[in-house]
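Here are some exercises to work through with the sequence and the model open side by side. Try each task first, then follow the solution step by step.

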Amino acid sequence: MKKICVIFLFLSGCASHTYYYPNIPKDYAVSEITEKEKSEVSISVEASLVNIQQYELHEEWKKNTARFLKEELNKSGLFKRVRFALPSEKSDFHIHFSFFEGGTSQEDRLTAAIIFGYTLGAIPVTEHNTSDVVMTIYYKGIEIYSLVAPHYTRTWIWTPLIVFLPITIPLNWPDKTRYIRYFLWQIEQNKLYNPSYFISQRQ
């Protein structure tokens, strides 16, 4: 009976509602910044991922994400040089990225799957997932700016929704290009590529 429940779950449909952070203007492109305006920056990454419990996989995820962020920040043209650094080795101008994953627990998901399977989809079930990315900027050890890129998805699973299955399969983490472009947009708009400019604007 358990095998039938699992098979039936995969043969059922799902629909999802996703909330993203504010949309980036469609015509947005990073402006050219003079070399005099640019600064060198170090970056670091930390993550709290409930769906990646194995240490080796967790560290591999962090390594790949740090590489991606370094490449994207370098390509943006907003900085002289971007390097990855441990907290003890960070430069005066430092950007820290924190990834937080949460939502419905594994236990609750299992319970929902059992209920759904044994009722043959007569009772719809739901789960939610949050995948937030926080960018915190430090200058000489002091936090001067923080911004979150929230991503929230609620998914409903119900047999009649199978007709929508090809177009409603939800994504777990937000598209990488989306959140990094959002951060770059905010960095440029607030002149955060040069902390001294940003601080002078606030005085």
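**Exercise 1: The nonpolar core**

The largest nonpolar core has 34 residues, and those touching the most other members are Leu 69, Phe 79, Ile 95, Phe 97, Met 135, Tyr 179 and Phe 183. Please keep in mind that this is a predicted model.

Task: find which elements each supply at least two residues of this core, and which one gives the most.

Solution.

Step 1. The elements that each supply at least two residues are β2 (40-48), α2 (55-76), β4, β5 (125-139), β6 (142-149) and α5.

Step 2. Helix α5 gives the most to this core, with seven residues.

Step 3. Now pick one well-connected member, Leu 69. Setting aside residues up to four places away in sequence, Leu 69 touches Ile 43, Val 45, Phe 97, Phe 99, Tyr 179 and Ile 180.

**Exercise 2: Aromatic rings**

Task: work out how many aromatic pairs there are, and which parts of the chain the pair of Phe 99 and Tyr 179 ties together.

Solution.

Step 1. The count comes to seven aromatic pairs.

Step 2. Phe 99 and Tyr 179 are one such pair, with ring centres 5.8 Å apart and 75° between the planes. Because planes over 60 degrees apart count as edge-to-face, this pair is edge-to-face.

Step 3. Phe 99 belongs to strand β4 (residues 93-103) and Tyr 179 to helix α5 (residues 176-189), so the pair links parts that are 80 residues apart in sequence. Both Phe 99 and Tyr 179 are buried.

Step 4. Compare this with Tyr 182 and Phe 183, whose rings lie 6.0 Å centre to centre with 35° between the planes, a tilted pair. Tyr 182 is buried at 6% relative accessibility, and Phe 183 is buried at 1%.

Step 5. Put the rings together: Trp 61, Phe 97, Phe 99, Tyr 179, Tyr 182, Phe 183 and Trp 185 form one aromatic cluster.

Step 6. For a ring with a charge over it, turn to Tyr 138: Lys 90 lies over the face of this ring, at 4.8 Å from the ring centre.

**Exercise 3: Salt bridges**

Task: say how many salt bridges a search of the whole structure finds, then describe the pairs formed by Glu 35, Glu 40 and Glu 59.

Solution.

Step 1. Side chains of opposite charge can pair when their charged atoms come close. The search of the whole structure finds four salt bridges.

Step 2. Glu 35 pairs with Lys 38, with the closest N and O atoms 3.0 Å apart. Glu 35 is exposed, at 51% relative accessible area, whereas Lys 38 is buried, at 12%.

Step 3. Glu 40 meets Arg 81 in a salt bridge at 3.8 Å, N to O. Glu 40 lies in strand β2 and Arg 81 in strand β3 (residues 81-84), so this pair ties together parts 41 residues apart in sequence. Glu 40 is partly exposed, with a relative accessible area of 46%, and Arg 81 is partly exposed, with 41%.

Step 4. Glu 59 and Lys 62 form a salt bridge at 3.9 Å, N to O. These two residues are three residues apart in helix α2, so about one helical turn separates them. Glu 59 counts as partly exposed at 30% relative accessibility, and Lys 62 counts as partly exposed at 21%.

**Exercise 4: A loop residue**

Task: is Ser 39 buried or exposed, and which residues is Ser 39 in contact with, leaving aside neighbours within four places in sequence?

Solution.

Step 1. Ser 39 sits in the loop between β1 (13-20) and β2.

Step 2. With a relative accessibility of 15%, Ser 39 counts as buried, because the cut-off for buried is under 20%.

Step 3. Beyond those sequence neighbours, Ser 39 is in contact with Phe 79, Lys 80, Arg 81, Phe 93, Tyr 193, Asn 194 and Pro 195. Arg 81 is also the salt-bridge partner of Glu 40.

**Exercise 5: The whole chain**

Task: how many helices and strands are there in the chain, and in what order do the elements run?

Solution.

Step 1. The chain has six helices and seven strands.

Step 2. Starting at the N terminus, the order is α-β-β-α-β-β-α-β-β-β-α-α-α.

Step 3. Of the 203 residues of the chain, 39% count as buried.

Step 4. Among contacts with a separation of 6 or more, 79% come from residues 24 or more positions apart.

Step 5. The chain exposes about 11900 Å², and carbon and sulfur atoms supply 58% of this area.

Notes:
Residues numbered from 1 in each chain as written. Predicted model: local features only at pLDDT ≥ 70, side-chain atom pairs only at ≥ 80, totals over all residues. Heavy atoms only, no water. Phe/Tyr/Trp six-rings, centres within 6.5 Å; stacked < 30°, edge-to-face > 60°. Helix = DSSP H or I, 4+ residues; strand = E, 2+ residues; numbered from the N terminus. Buried < 20%, exposed > 50% of the residue type's maximum accessible area, 1.4 Å probe, protein only. Lys NZ or Arg CZ within 6 Å of the ring centre and 35° of its normal. Core = buried A, V, L, I, M, F, W, Y, C linked by side-chain atoms within 4.5 Å. Contact = heavy atoms within 4.5 Å. Areas by Shrake-Rupley, 256 points an atom, 1.4 Å probe, with all protein chains shown as cover. Salt bridge = Lys/Arg side-chain N within 4 Å of Asp/Glu carboxyl O.
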